[in-house]
Amino acid sequence: MGQRLRNLRRARGLSLEAVASSTGLSIGFISQVERGLSSPSLRVLALLADTLQIGIGGLFEATLDEPDPDPIVVFQKDRPELQLWRAGITKQLLTPPGGTQGLSLFHMVLKPSASTGDELFSHEGEEAGLVLEGRLTLVVEARTLHLMEGDSFRFESRRPHRFSNPNPDGPTIVLWVNVLGSSKSRP
């Protein structure tokens, strides 16, 4: 993940100082993330993705030996995976990287009591999801929502939010969608 962030930052001609200024993160912390010495939270990844003008899905690297010139399918064995070990969250990218609409579909597993943290975060786009297994506590602005298996949600990502698995004994599995761009710009 760190090398991918560094490559994306450099490809956009951004210095560590520029990224730090845009995100409010320290230069040292960003450098540690890029060198793989620190594990970023989902909130930090969202900040970095916004600064790099990509969706969180753009932070995943394809694991294929030979990239498909017309990616339509992601086979289970080839799913790029992001492990946020400190948060207890694993995200697998289910859609081929790229695309013109910035649509990313994720299979997300939250370990027992896993959380994005106490701090609300926001980023560009819109998101939706379906709880496939377990329970999910979703906080959007001042609302705390308790979802069960089969419940679904949708909100603009600019609204400060966070989420967690309230179950200390079992995982929560969510099919999660992120789309770049705001729903306000659509008819």
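**Exercise 1.** In this predicted model, classify Val73 as buried, partly exposed or exposed, and state where Val73 is found.

*Solution.* Step 1: the relative accessible area of Val73 is 49%. Step 2: buried means under 20% and exposed over 50%, so Val73 is partly exposed. Step 3: Val73 is found in the loop between α4 (42–51) and β1 (81–84).

**Exercise 2.** Which residues make the nonpolar surface patch that includes Val73?

*Solution.* Step 1: a residue in a patch needs over 30% relative accessible area; Val73 has 49%. Step 2: Ile72 and Phe75 join Val73 in the patch, which covers about 330 Å².

**Exercise 3.** Give the strand order and the edges of the open sheet of six strands.

*Solution.* Step 1: the order is β1-β2-β3-β9-β4-β7, with antiparallel pairing. Step 2: β1 and β7 (152–156) each pair on one side only, which makes them the edge strands. Step 3: on average, neighbouring strands of this sheet are turned by 20 degrees against each other, direction ignored.

**Exercise 4.** How many bridges link β4 and β9, and which residue in β9 stands opposite Glu133?

*Solution.* Step 1: β4 spans residues 126–133 and β9 residues 172–179. Step 2: seven bridges join the two strands in the antiparallel sense. Step 3: Ile173 in β9 is the residue opposite Glu133.

**Exercise 5.** Is Ser104 buried or exposed, and what is Ser104 in contact with beyond its neighbours within four places in sequence?

*Solution.* Step 1: Ser104 is found in strand β3 (residues 103–110). Step 2: its relative accessible area is 9%, so Ser104 is buried. Step 3: with those neighbours left aside, Ser104 is in contact with Gly57, Leu93, Thr95, Trp176, Val177 and Asn178.

Notes: Residues are numbered from 1 along each chain as its sequence is written. This is a predicted model: local features need pLDDT of at least 70, side-chain atom pairs count only at pLDDT 80 or more; totals for chains, interfaces and linings use all residues. Side-chain values use heavy atoms; hydrogens and water are left out. Helices (H or I, at least four residues) and strands (E, at least two) are DSSP runs, numbered from the N terminus. Buried means under 20% relative accessible area, exposed over 50%, partly exposed in between (1.4 Å probe, protein chains only). Contact means heavy atoms within 4.5 Å. Patches are made of residues with over 30% relative accessible area and no salt bridge: like charges are joined within 9 Å, nonpolar side chains (Val, Leu, Ile, Met, Phe, Trp, Tyr) within 5 Å. Accessible areas come from the Shrake-Rupley method with a 1.4 Å probe; for residues, only the protein chains shown count as cover. A salt bridge is a side-chain nitrogen of Lys or Arg within 4 Å of a carboxyl oxygen of Asp or Glu. Two strands pair if DSSP finds at least two bridges between them. Axes are lines fitted to C-alpha atoms, for helices over the stretch in contact, and angles run from 0 to 180 degrees between N-to-C directions.
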